[in-house]
Structures are given as C-alpha cells and as structure tokens.
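Here is a short structural report. Look over the model first, then read on.

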Amino acid sequence: GSLVCVRKEGSREEEDPVIKCYHYHLNLPSPTNVWIEIGASEPGDPANDVSLFIFKTQDEVPTELVSFTQHKIGDKCVCRLDLDKGCYALIPYTSGCHLRPQEEEGEGESGGREGDPSVALAVLEGDKTVLTPQCREALEEVFHRFDLNGNGFVGRTEFEFFQELTSGEICDDEAWKIIQDNFELTADDELTLKGFMDLHVMTAADEEGGEGELWGVLSSLGYSKQLALKTACPFVFKLFTEECEGEIEIVDL
C-alpha cells in the first residue's frame, strides 16, 4: 500500500493537505495471538515513518482503539497482541512531516527545484512511442504498489484503487472491458506488468493526453517531475495469526 499526500480539490494553498491511504478490515473467526509488522517498501529511508493502528469495529465502523505497532525492530514497527473473535480495522498512519506537497518544498511548477528540467517520460523511436527507462522504473514501482495481495498481478479491484487515486474515476464494466480487449491479462483476468506498461505507452502516445496525462498519473502517486518519490510513502505490512486463519479485506481510501 501507500500513504499519499494530496491537496483537496478546490482547497487554498494555505490549507493543510490530506493524506490518502487504503485501510483494511481483519476478520477473525476465533480468538488468536497476532503478530503485525509494517515498514516502508524502501528500508532505511528515515523519511518513511509508518505505523499501523488496530481498532475494534461495530457495523464496520472503527469504535475502539485496541493497539498499534509501538515497537521498533530494525526499519519495521511491530506489535504482538491477543485479539478476540470479531472484525478489526487496520489503519496505516504517518506523521506526514516528510510528505509535504511539492510547492512547500520550494519547488517550481515542474515539481523539482526552480530551474530543474523535467525528466522525459517517453520518446519516439521511428513511429513508435517508447517509455524511457526512468519512466518504466517509476511505473513498475506503481504496479507493485497496487498489487495489494502480492501475487504479481493487478486485478480489477486493485486497478479500481489505482483509478480512484489517480483520476477519481470509477473503473466500471465498460472501462474494464477496454482493458480486457487491449492489454495482456492472466487467465484469472488480472493485468500483467506488460499490460500495465502497454496501457501507459498508449497514454503517452495519445494526441490529446500524451505526456501531460501520464505526468498527472505519476504526480498523483507522489512523484516529482524528476521522478523522485516526494509525496508518497509506499509500505508493506504483514500479519500472522497463531490459533486461526484470519481474512484481510481492503476497504477503501
């Protein structure tokens, strides 16, 4: 998952930005001891301060704080606790002090320092549009960020989270049919890395959208115009149960 610092649409520059993230529900069929760990996808980065809060829920609404990952082991925040049968909300948290919107970093319109050139996202090789190595590296990170179950592919639900965060649009049946008809999917109807890259090649080659639209995708996910990850903190969390097998559901942004 990831925590992304964004400004609300229509907000004034002096207003505080908000941090968007998925949260999760954990369903336990019986009491069990639980181990939870969370850490940034890139270990060793002191800017990535992430932790996880565990709430008891009632009608799927968080009602009571149970615990949080208050201990540190290396680059991870961890906790061990006993949980009763029931549903729990798992909510990632960051202080946000390192995820300032780009203009607060003294950056120019390009998303970098004043005078810094933008990195090219795509080039023409003959009559063919090709993503640059830097752009492919950023998009590969994005692909794995939205592979929320870690199976190496992006399913429809995962792609819907990607769409919601990058464009605010819903991936309806018609939109998903376009993905199915034009890009590489697995037998289980999940988007492959190649299919995800080809989708963004099409975006970059589009006469109406082009690189501007592709920049919109990357900037909404925390990248500056130098393709540095400035306003997002990708993270990985793991949960282990001892006495029963729990079920984790990704709920919403």
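The report goes from the whole chain to its largest pocket and then to single residues.

## Overall picture

This is a predicted model. The protein has 253 residues, and 41% of them count as buried. It holds 5 helices and 13 strands. Contacts reach far along the chain: among those between residues at least 6 apart in sequence, 66% join residues at least 24 apart. The protein exposes about 13800 Å². Carbon and sulfur atoms supply 47% of that area.

## The largest pocket

How much space lies in the largest pocket? The figure is about 470 Å³. Its lining has 19 residues. Nearest the centre lie Gln 163, Glu 169, Leu 199, Thr 203 and Glu 213.

Which helices each supply at least two residues of the lining? They are helix 2 (156–166), helix 3 (173–182), helix 4 (193–205) and helix 5 (210–220). By class, the lining has 10 nonpolar residues, 6 polar residues and 3 charged residues.

## Residues among the helices

Phe 162 lies in helix 2. Its relative accessibility is 3%, so Phe 162 counts as buried. Beyond its sequence neighbours up to four places away, Phe 162 touches Val 142, Phe 146, Phe 196, His 200, Val 217 and Leu 221. Val 142 is 20 residues from Phe 162 along the chain, and their C-alpha atoms are separated by 8.9 Å.

One of these partners, Val 217, is buried in helix 5. Gly 210, Leu 214, Trp 215, Leu 218 and Ser 220 are also buried in helix 5. Gly 222 follows that helix, with a positive phi near 105°.

Phe 183 sits in the loop between helix 3 and helix 4. Is Phe 183 buried or exposed? Its relative accessible area is 9%, so Phe 183 is buried. Leaving aside neighbours within four places in sequence, Phe 183 is in contact with Ile 178, Leu 191, Gly 195, Asp 198, Leu 199 and Met 202. Asp 198 is 15 residues away along the chain, with a C-alpha separation of 6.8 Å from Phe 183. Leu 199, another contact of Phe 183, is one of the residues nearest the centre of the largest pocket.

## Two buried threonines

Thr 32 is found in strand 4 (residues 32–40). Thr 69 is found in the loop between strand 6 (61–68) and strand 7 (71–73). Thr 32 has a relative accessible area of 3% and is buried. Thr 69 is at 3% relative accessibility and counts as buried. Each has a side-chain polar atom beside a backbone nitrogen, as listed here.

| Side chain | Backbone nitrogen | Distance |
|---|---|---|
| Thr 32 | Glu 243 | 2.8 Å |
| Thr 69 | Leu 52 | 2.9 Å |

The wider contacts leave aside neighbours within four places in sequence. For Thr 32, they are Leu 81, Asp 82, Leu 83, Thr 241, Glu 242, Glu 243 and Cys 244. The backbone partner Glu 243 is thus on that list. For Thr 69, they are Ile 36, Ile 38, Ser 51, Leu 52, Cys 77, Val 78 and Cys 79. Leu 52, the backbone partner of Thr 69, appears in that set.

## Loops and backbone angles

Most residues other than glycine have a negative phi. Which residues go against this pattern here? Asp 189 has a positive phi near 65°. Leu 227 has a positive phi near 55°.

Asp 189 lies in the loop between helix 3 and helix 4. Its relative accessible area is 29%, so Asp 189 is partly exposed. Phe 183 has its place in the loop between helix 3 and helix 4 too. Leu 227 is found in the loop between helix 5 and strand 12 (232–241). At 14% relative accessibility, which is under 20%, Leu 227 counts as buried.

One more loop residue is Ala 120, between strand 9 (86–94) and strand 10 (122–125). Ala 120 is partly exposed, with a relative accessible area of 38%. Ala 120 and Gln 134 are 14 residues apart in sequence. Their C-alpha atoms are 8.2 Å apart in space.

Note on methods: Residues are numbered from 1 along each chain as its sequence is written. This is a predicted model: local features need pLDDT of at least 70, side-chain atom pairs count only at pLDDT 80 or more; totals for chains, interfaces and linings use all residues. Side-chain values use heavy atoms; hydrogens and water are left out. On a 1 Å grid over the protein atoms alone, a cavity is a set of points where a 1.4 Å probe fits but cannot get out, and a pocket is an open set with protein on both sides within 12 Å along at least five of seven lines; lining residues have an atom within 4 Å of a point. Grid points are joined across faces, edges and corners, and a volume is the space filled by probe spheres set on the points. Helices (H or I, at least four residues) and strands (E, at least two) are DSSP runs, numbered from the N terminus. Ala, Val, Leu, Ile, Met, Phe, Trp, Tyr, Cys and Pro count as nonpolar, Asp, Glu, Lys and Arg as charged, and the others, Gly among them, as polar. Buried means under 20% relative accessible area, exposed over 50%, partly exposed in between (1.4 Å probe, protein chains only). A polar contact is a pair of N or O atoms within 3.5 Å; within protein, one must be able to donate a hydrogen and the other to accept it, and residues adjacent in sequence count only if both atoms are side-chain atoms. Contact means heavy atoms within 4.5 Å. Accessible areas come from the Shrake-Rupley method with a 1.4 Å probe; for residues, only the protein chains shown count as cover.
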